[in-house]
2 protein chains.
Amino acid sequence: MAQGKSTFMLRQRAFIKLYLITMTEQKRLYGFKIWETLEEEFKEFGYKPQRSEIYKSLHELLDDGILKSHNVEKEGTKRQEVVVYQFKNHDEAKAYKKLLKAELDRCVGLLQKALKDNYI
Amino acid sequence: MAQGKSTFMLRQRAFIKLYLITMTEQKRLYGFKIWETLEEEFKEFGYKPQRSEIYKSLHELLDDGILKSHNVEKEGTKRQEVVVYQFKNHDEAKAYKKLLKAELDRCVGLLQKALKDNYI
DNA sequence: AGATGAACATGATGTTCATCA
DNA sequence: TGATGAACATCATGTTCATCT
């Protein structure tokens, strides 16, 4: 069996996609706002996701057929269009989250093993 | 302040280097054997490091001035040379480990936050 | 400035090959 | 086959640029 991709840590893109799905379940947001939100959320962990990663992750979820998008006028006076997202296939979204749960657990386990193995 | 490199997860190379330092503290091993050992260790976590990553990590530690190497005849009948490692600068090795401790903690925290944020 | 996106550049890592005992 | 290493290829991700309101 060929190994293919990395078997080490989960990819940043997968991590972001997980958040995007959860955020879609909770509220209607658009790319830029999502970026601001996540940046703020992760600040204390020194993680500063790139804006482009957010957009690319959103586009991947569109390509995966998990989300669909439509343009909406941003609330407020300046009539500027933003792209908001909703589920196209919620079941697949749930399946993805389930998959990521296992992957997160695996990664935590690996890191905790390293802590155990290398520090006393 | 420019951001530069990724602020997400620690790099595989750093993870391996941490183990290499610890292994150097404990026993005298050489590249191929280290690879076999780590492969076995991480099997249950689905992580299968590449042999080349081990060698590259060892070379990096040499370049960093943390380890030094010398050739030794492999114990046994076939006289084959292997490359074994010992500390050139143990203080720097310790400093590296300390750094990595913080990095591992940070990454675990980030992943656990994701578990908390995305699953109930 | 806020927002979206594409294009480009680089870095990390996987795959393959060469060599030697 | 065990062992080391380099060369090559690719993918993930960061940086820059274009466009529009």
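A polar contact of 3.1 Å joins the side chains of B:E81 and B:N71. A polar contact is a pair of N or O atoms within 3.5 Å; within protein, one must be able to donate a hydrogen and the other to accept it, and residues adjacent in sequence count only if both atoms are side-chain atoms.

This is a predicted model, in which local features need pLDDT of at least 70 and side-chain atom pairs count only at pLDDT 80 or more, while totals for chains, interfaces and linings use all residues. Residues are numbered from 1 along each chain as its sequence is written, chains are lettered from A and ligands numbered from 1 in the order in which they are written, and side-chain values use heavy atoms, without hydrogens or water.

**Two strands in chain B**

B:E81 lies in strand β2 (residues 81-87) of chain B. B:N71 sits in strand β1 (residues 67-73) of chain B. Strands (E, at least two residues) and helices (H or I, at least four) are DSSP runs, numbered from the N terminus. The two residues are 10 places apart along the chain, and their C-alpha atoms are separated by 6.1 Å. For B:N71 and B:H59, 12 residues apart, the C-alpha separation is 14 Å.

Contact means heavy atoms within 4.5 Å. Not counting residues up to four places away in sequence, B:E81 is in contact with B:N71, B:V72 and B:E73. On the same count, B:N71 touches B:E81, B:V82 and B:V83.

**Buried or exposed?**

Buried means under 20% relative accessible area, exposed over 50%, and partly exposed in between (1.4 Å probe, protein chains only). The table sets out three residues.

| Residue | Relative accessible area | Class |
|---|---|---|
| A:E53 | 12% | buried |
| B:N71 | 47% | partly exposed |
| B:E81 | 53% | exposed |

A:E53 belongs to helix α3 (residues 51-63) of chain A. Leaving out residues up to four places away in sequence, A:E53 touches A:Q12, A:R13 and A:I16.

**Where the chains meet**

How many residues of chain B are in contact with chain A? There are 36, and they meet 36 residues of chain A. The area buried between the chains is about 3500 Å², and carbon and sulfur atoms give 66% of that area. Buried area is the accessible area (1.4 Å probe) that two parts lose on being put together, summed over both. B:F8, B:F45 and B:Y119 supply 19% of the area that chain B buries against chain A, more than any other three residues.

The count between the chains is 2 salt bridges. A salt bridge is a side-chain nitrogen of Lys or Arg within 4 Å of a carboxyl oxygen of Asp or Glu. A:K113 and B:E41 meet in a salt bridge through their side chains (2.6 Å, N to O). Across the interface there are also 16 residue pairs in polar contact, with both residues at pLDDT 80 or more.

Three elements of chain B give two or more residues to the side that touches chain A: α1 (12-26), α2 (31-42) and α4 (90-118). The largest share, 17 residues, comes from α4(B).

**How the copies are related**

Two copies of a chain are related by a rotation about an axis and a shift along it. Here, a rotation of 180 degrees with 0.0 Å of shift superposes chain B on chain A (RMSD 0.0 Å). The two copies are therefore related as by a two-fold rotation axis. In chain B, the C-alpha nearest the axis is that of B:V108, 2.9 Å from it. Copies are superposed by least squares on the C-alpha atoms of residues with pLDDT of at least 70 in both.
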